[in-house]
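Here are my notes on the model. Please read them with the structure open.

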Amino acid sequence: MQVDFYYHKVPVKVEDMTQEQLGEELDSLQQWFNKCARTGQGISTKEFIRHNDCRLALIKKVFGEGADIKRLEEFFSPAK
């Protein structure tokens, strides 16, 4: 299997991922982001884009294509 794109754990293009694979990739990226924060290491643009693409794809799979992403983010974001 030849992969010509960035991935962290699941070597599948975002648009071809299942809901479970999206969750695995997001969990893996979040763990990496947390480790980077603890060690002071920066997060690459590729990692950040992959995370956002997976998050948006998961939202669409769970809530449908017409999901109001901004409203969902406000609802699910931690209280300030």
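1. Confidence first. The protein chain has a mean pLDDT of 89 (the predictor's confidence in each residue, from 0 to 100), and 94% of its residues reach 70 or more. Helix 1 (residues 19-39) has the highest confidence, at 95. Helix 3 has the lowest, at a mean of 76. Where pLDDT is low, predicted coordinates should not be read in detail.

2. Ground rules. This is a predicted model, in which local features need pLDDT of at least 70, side-chain atom pairs count only at pLDDT 80 or more, and totals for chains, interfaces and linings use all residues. Residues are numbered from 1 along each chain as its sequence is written, and side-chain values use heavy atoms, with hydrogens and water left out.

3. Fold. The protein chain has 3 helices and 0 strands (DSSP runs numbered from the N terminus: helices H or I, at least four residues; strands E, at least two). The pattern along the sequence is α-α-α. The C-alpha trace spans about 35 × 30 × 20 Å along its principal axes.

4. Helix 2 against helix 3. Their axes, lines fitted to C-alpha atoms over the stretch in contact, come within 11 Å and cross at roughly 95 degrees (angles run from 0 to 180 degrees between N-to-C directions). The two helices are therefore roughly perpendicular (65 to 115 degrees).

5. The contact (heavy atoms within 4.5 Å). Arg-55, Leu-56, Ile-59 and Phe-63 of helix 2 meet Ile-69, Leu-72, Glu-73 and Phe-76 of helix 3. By class, this contact has 6 nonpolar, no polar and 2 charged residues (nonpolar: Ala, Val, Leu, Ile, Met, Phe, Trp, Tyr, Cys and Pro; charged: Asp, Glu, Lys and Arg; polar: the others, Gly among them).

Terms used. Parallel < 35°, antiparallel > 145°, perpendicular 65-115°, else oblique.
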